[in-house]
Amino acid sequence: MSRDYDLQPSASAAHRIDYRAELNDQQFAAVTAPPGPSLVIAGAGSGKTRTLTYRVAYLLDNGIAPENILLLTFTNKAAREMLDRVQSLLPVETRRLWGGTFHSIGNRILRHHADRVGLRPGFSIMDREDQKDLMDTVLASSGLDTTQHRFPKPEVLGEIFSLADNTGEGIKQVVHERYPYFAPVLEGILQMRALYAAKKLETNNVDFDDLLLLTLRLFQEHGDLCERYQRQFQFILVDEYQDTNTLQSELVELLAGPRGHLMVVGDDAQSIYSWRGANLKNILEFPRRFPQAKVYKIEVNYRSVPEVLTLANAAIAVNHGQFTKALRPARKGRGTLPALVPLDSPSAQAAFVAQRILELRDEGVNLNEIAVIYRAHFHSLEIQMELTKCGIPFAITSGLRFFEQAHVKDVAAFMKFALNRSDELSFIRLVRLVPGIGSMSAARLWDGWMKSNGARGETMSGVFSDYLLKLKVPRKAEKVWAQTCYTLDELLDAGGKPQPPAAMIRSVMEGVYEDYMQVKFKNYEQRQQDLEQLDNYSARFSDTGEFLSQLALVSGVDTDERPDSDTQDRVSVTLTTAHQAKGLEWGAVFAVWLAEGMFPNKRVLENGGEDGLEEERRLFYVTVTRAKDELYLTYPTMFFQARDGNVLQRPSRFIADLPSNLMEKWNVRSVFP
Ligand code: ATP
Ligand code: MG
């Protein structure tokens, strides 16, 4: 006997998305493209990110498993938002999909294969400040004579190394092209590089660039792993491709393998990171490197009203080095032009922004739909003060990030050391919190620790204090030192395994850090609140290693997030630099400080030449194309400087170059009561 039995289509097919209705023809073609290389190149607000999002949905919808998709974005938050959107379109579990920045994906891969690149599991990620500290240590013990000729300081050394890594140009070329005045000490710089690299390995530390560099090397040197990941990532998608550097493009091309299942999207007119090594050629030469690549161009802008779009098109038209793209508006006009608003002073500018925000709120505009965008973080100061005065909530995405603050890093040092017993930096940082222990004693303690059995082997037998308390410390440090050692003990459970991060944070706070903060910081209570917030945030992680990686990635170059990531649910105005506003959009945008020397930035005007100026103009284009409905262009006509007194400000050339009939000039007067 036999029976016929029909297998019905799976649940996802029943939820089919109406791609035709949601996308225009070019977007649809890209979303449903056959496997193989493809490039979506289009202007701002034309739906590139939307296309990638629907592409992910389309692939999942057609039975591709989430873990076979790699989605690379400019920030981790962007990846999350795209995946949330996919999740809302499809009943598919997107958590298994690999999405995030190049750095976070690199980290994830390296964690699995640390030994293949000379690291041990549990390696620490250094941020810029850690990097500087480590370089200081290396420089001090290098025996290099840095007094003869001007020798770059650790920060500059870090910059040189980073540029060399990210551009693939090599130290010599970077020094000759970008730092010619250091040419006489090139030998010393090369020596420093080797010593620094060795020290990183020895202390089981990586810096940000290593997350890319070592991942690339891992794949170049280990064919088996490369093939494995090539097989896994059947579809690779990259947003904001115009701002990838050579290292990043090599990495994706290697992963895409000979089949080249790679879709990249970007806009050459929005390339704004060349100063950090971004290589516009990645996107411009894509069709040449992949001759079989399909190219999709979108010429409709869905974001902005025509009045804003016309101004944006005019702003970028002045640049020479670009593909001309005329974007047509999909939206209808509102009948009001972008506002040009000169103001007497920075404080008048701030007062204008605040008052206008309150009016917009009264008109029913949600504060989340309002952004203030500026060229440099310090431009936000008066505005921060004024918004505070007016009780307008705001979130700042520029400036010192939460995790870069000293007190957060102090607590993290304990956790990092508990996980990575070779981490000299973290060890030195935490022992130096003990009153009476200076850099000399700290270095001695490190030596003692390294010679002890505690530092050896995969796992430690016994607890930290078994080894550390045998070491000698200055008499006046003894009590707190003992407390510190016992605190370290508490970070591991009875089996020697790391505690979850929230438990660790609490142990450190209660064991030593509360006391330390009270004597060290005058704003102790505020910092305590920060740490409480960190504690809250960490509760979502059970694995401390993962938590620390997140922490490091968040404080790095490519992020935007804060521990109170529920800010999204809170209503607030966004204050952001133009660089960090990339890819985002708001109903109303205030572009402030549009004065010569501010935007375009003075330093770029002095050193950057024509290329620098073109990049500034692209940055201005990025700024104005963030606006959906309303755009305010403001600048102070006078600016008080401590040295020179009141200085007259000229409007930015980016405004002066615009036809005046594209803007409405607002004459703002102060009304005295
Ligand atoms: P940017 O260059 O700034 O990164 P983008 O090209 O990535 O912009 P998106 O952010 O994807 O553009 O889209 C801009 C806006 O237009 C979004 O609000 C998006 O939802 C909307 N949009 C894009 N395409 C369509 C469409 N076909 N129909 C309706 N709305 C669309
Ligand atoms: Mg985008």
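1. Is Glu615 buried or exposed? In this predicted model, Glu615 counts as buried, at 8% relative accessibility; that value falls under the 20% limit set for a buried residue. Glu615 belongs to helix H28, which covers residues 609–624. Its C-alpha atom is separated by 8.8 Å from that of Ala269, although the two positions lie 346 residues apart along the chain.

2. The overall fold may be considered next. The chain contains 29 helices and 19 strands. Its radius of gyration is 27 Å, close to the 26 Å that the globule rule gives for 673 residues, so the chain is as compact as a globular protein of that length. The C-alpha trace spans about 95 × 80 × 55 Å along its principal axes. Of the 673 residues, 56% are buried.

3. The surroundings of ligand 1 deserve a point of their own. There are 19 residues around ligand 1, and those that come nearest are Lys48, Thr49, Gln270, Glu585 and Arg626. By class, this shell holds 3 nonpolar, 9 polar and 7 charged residues. Helix H4, residues 48–61, gives the most to the shell, with 3 residues. At least three shell residues come from domain 1 (19–110 + 211–298), and at least three from domain 3 (307–401 + 559–665).

4. Several polar atoms of the protein lie close enough to oxygen atoms of ligand 1 to fall within the 3.5 Å limit for a polar contact. In the side chain of Lys48, an N or O atom is 2.6 Å from a ligand oxygen. For the side chain of Gln270, the corresponding distance is 2.8 Å. Gly45 takes part through its backbone, with an N or O atom that lies 3.0 Å from an oxygen atom of ligand 1. Taken on its own, ligand 1 has 630 Å² of accessible area, and the protein covers 81% of this.

5. Gln270 merits a closer look. This residue is found in the loop between strand S7 (262–266) and helix H14 (281–284). Gln270 counts as buried, at 4% relative accessibility. Besides the 2.8 Å approach of its side chain to an oxygen atom of ligand 1, the side chain of Gln270 makes a polar contact with the side chain of Asp267, also given as 2.8 Å.

6. Two residues other than glycine have a positive phi, and each may be checked in the structure. Asn204 has a phi of about 55 degrees and is found in the loop between helix H10 (186–202) and strand S5 (205–206). At 1% relative accessibility, Asn204 counts as buried. For Glu240, phi is likewise about 55 degrees. Glu240 sits in the loop between strand S6 (235–238) and helix H13 (246–256), and it is buried, with a relative accessible area of 12%.

7. Which two residues are joined by a cis peptide bond? The bond in question joins Phe599 and Pro600, with omega of about 10 degrees. Pro600 is located in the loop between strand S15 (586–591) and helix H27 (602–607).

8. Phe639 offers a further example of positions distant in sequence. It lies in strand S17, residues 638–641, and counts as buried at 14% relative accessibility. Phe639 and Pro346 are 293 residues apart in sequence, yet their C-alpha atoms are 6.5 Å apart in space.

9. Ser141 may be set beside the buried residues discussed above. Its place is in helix H7, which runs over residues 128–141. Ser141 is exposed, with a relative accessible area of 62%; the limit for that class is over 50%. The C-alpha atoms of Ser141 and Leu195 are separated by 9.7 Å, with these positions 54 residues apart along the chain.

Conventions. Residues are numbered from 1 along each chain as its sequence is written. Chains are lettered from A and ligands numbered from 1 in the order in which they are written. This is a predicted model: local features need pLDDT of at least 70, side-chain atom pairs count only at pLDDT 80 or more; totals for chains, interfaces and linings use all residues. Side-chain values use heavy atoms; hydrogens and water are left out. A residue is near a molecule or strand if one of its heavy atoms lies within 4 Å of it. A polar contact is a pair of N or O atoms within 3.5 Å; within protein, one must be able to donate a hydrogen and the other to accept it, and residues adjacent in sequence count only if both atoms are side-chain atoms. Accessible areas come from the Shrake-Rupley method with a 1.4 Å probe; for residues, only the protein chains shown count as cover. Helices (H or I, at least four residues) and strands (E, at least two) are DSSP runs, numbered from the N terminus. Ala, Val, Leu, Ile, Met, Phe, Trp, Tyr, Cys and Pro count as nonpolar, Asp, Glu, Lys and Arg as charged, and the others, Gly among them, as polar. Domain bounds come from an automatic or database domain assignment. The radius of gyration is taken over C-alpha atoms; the globule rule is 2.2 Å times the number of residues to the power 0.38. Buried means under 20% relative accessible area, exposed over 50%, partly exposed in between (1.4 Å probe, protein chains only).
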